[in-house]
Amino acid sequence: MIPSVNDPGSRTMGLLAYLYGPGKHEEHADPHLVASFDGMSPDPGRDPKTTLKDLQQLLDQPVDALPEHARPAKHVWHTSVRATAGDRILSDEEWGEIARRVVAATGIDPGGGEPACRWAAVRHADDHIHIIATLVCEDGSRPDDFRSGKRAQAECRLIEKELGLHQVAPGDGTAAQRPTSAERHKAERQGRERTAREELRETVRRAVAGTQGEGEFFDRLAAAGLLVHKRIAPSGDLLGYKVALPDDRNKDGDPVFYPGARLAPDLSLPRIRERWAATVAAGQDGEGVTADAPLRSVPGPASARRAATTAAWQAVLVLDDGDDGVISAHIAAAGEVLDALAKTSAAHTRKQLGEAASAFERASRSHVRAARGHDRALRQAARDLVHGGPALGRGEDGASTAMLIDMAFFLVTAAAAWHGRKEHAQQAAAALQAAEHLRAAYQAASGHPMAVLHQRGRLLPPALQRRHATVLREAVPELAEQVLAEAGWPALAATLADAEAAGHDPADLLVQATGRRELDTASSVSDVLVWRLRRLAGLPADASAMPLHGNTTERPSRSHTNGPADTRQDSRNRARGH
């Protein structure tokens, strides 16, 4: 249940005309009172002898009783209270009780004999009501409505529990502004799936991902087809910007512009500039590298994904035990990586990756101020993904995409855990939602490369399979039996064989891959180990072109020389220094 307290207004009649009118899209059906301050207020919706003027005069009476100079200029208080999609349809009696509890909680009509304002609750749709009040009490005093929005939110959380409704995670004021009902209806008329505000927010967010300065940022906005208007000071300094969709017009035919701050708190120009501050501090000019700095080669899609996987792995470790400000910066930069990945994804993963990025947008902001600069590796990863270009979803591109999605899942899950510890309910829920989309995207991306590895593993000589099973039991005994029972074990056995053929110690790699991060959230531990080992060993993510391993000669197990315990300890010591 979502209350939305608006800024005070000045015309009681104007708001009543809207509440009792047909709506801008004929969406208001049977408008009528469900509650009021005295329980007997005239209802223009159900009583043909009552007019809007009658109700307006009744509500405004305490205001009109004051001397003109003492009347507040903005005296109309207004909130909507909307049920969540999927909730049952509430009765008028239930909505009336909800209205009485909201006005009591917000200080509009606190009850208990305290001074109260006059108010009325109007219902004109199944899923919500509007409450209108005049901000002068019966005795001429002003109500204690300080932070009425937060107080309404807290009361709605209690109402949800008591009525068995969907429980909305409590917010902290850092969420992006929701589209208004007028914006939603306009989108419906125009045949859009999303409002202009939502489309612009996603486009601007993706344009920011990995940028290094204003020039690149505005070039990306223009390339995305947005209309951009810059606010310039008399000195010539850039103060802000606003954007519009070319086909989103007002009644006069002019484009409807939205400032960045109205799209999301972190999309204002000052907040975007904070992301570039570390680049400038490192000796760059905010528009790209300086003339004296070496130019960075543009990576291909596969190499960009491998680099992003490494950056995500390091970020996971930071989220485990880093400083809160540094963690906040990494979480925000993780959102840029997801945006860049979604922007450059192949068709079969694009929808789920886009959904993951959109969901994680809410998780990327909190009241913990980001310590920018520490997130440089993730922001560079986002930049490389964008400049590396779209992946085709096949071969090394497709396999390295699966590798990155797998690691992004753990990064997003770690972000959810941190938000949970900080009691950031909405952010934690958003991160978990993003994780589910990443899980689905991984299934789409990993099908072919994992099938190749699975077949390679099944073709390994039995003696080689047994030897790698022994290595697994010695290196990670706590996980071995679970992994050996998984359908993905042949793919891991193939990867262990590939790593050994490339000159690596499989046991050492296993300890490195498992010793620095829990695997409880993995649906397939063997899949996770496959990608971590291939990244650590520098093996191709796509194994289809690699030679099969046909040497069946038994080699002595490491336990024949050092013993299992000594082997595991040596490997763990090396992992700690990794």
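The following dialogue goes through a five-stranded sheet and two pairs of neighbours in a predicted model.

Visitor: What makes strand 1 and strand 2 the edge strands?
Guide: The sheet is open, with its five strands in the order 1-3-5-4-2. Strand 1 (2-5) and strand 2 (32-36) each pair on one side only, and these are the edge strands. From one strand to the next the twist averages 25°.

Visitor: How do you know that strand 3 and strand 5 pair?
Guide: Two strands count as paired if there are at least two bridges between them. Strand 3 (residues 76-82) and strand 5 (residues 128-134) have seven bridges, in the antiparallel sense, so they pair. In one of these, threonine 79 has isoleucine 131 of strand 5 as its bridge partner.

Visitor: Which strands does helix 3 touch?
Guide: Helix 3 (residues 92-105) packs on the sheet and touches strand 2, strand 3, strand 4 and strand 5. Its direction makes about 45° with that of strand 2.

Visitor: Why is helix 10 called roughly parallel to helix 14?
Guide: The axes of helix 10 (residues 301-321) and helix 14 (residues 395-421) cross at roughly 20° and come within 9 Å. Angles under 35 degrees count as roughly parallel, so helix 10 is roughly parallel to helix 14. The crossing is left-handed.

Visitor: What kinds of residues make up the contact of helix 10 with helix 14?
Guide: There are 15 nonpolar, three polar and five charged residues. Among them are Trp313 in helix 10 and Phe410 in helix 14. Trp and Phe count as nonpolar, and Arg305 of helix 10 is also in the contact, where Arg counts as charged.

Methods
Residues numbered from 1 in each chain as written. Predicted model: local features only at pLDDT ≥ 70, side-chain atom pairs only at ≥ 80, totals over all residues. Heavy atoms only, no water. Helix = DSSP H or I, 4+ residues; strand = E, 2+ residues; numbered from the N terminus. Axes fitted to C-alpha atoms, helices over the stretch in contact; angles between N-to-C directions. Contact = heavy atoms within 4.5 Å. Parallel < 35°, antiparallel > 145°, perpendicular 65-115°, else oblique. Left-handed = near helix turned anticlockwise from the far one by under 90°.
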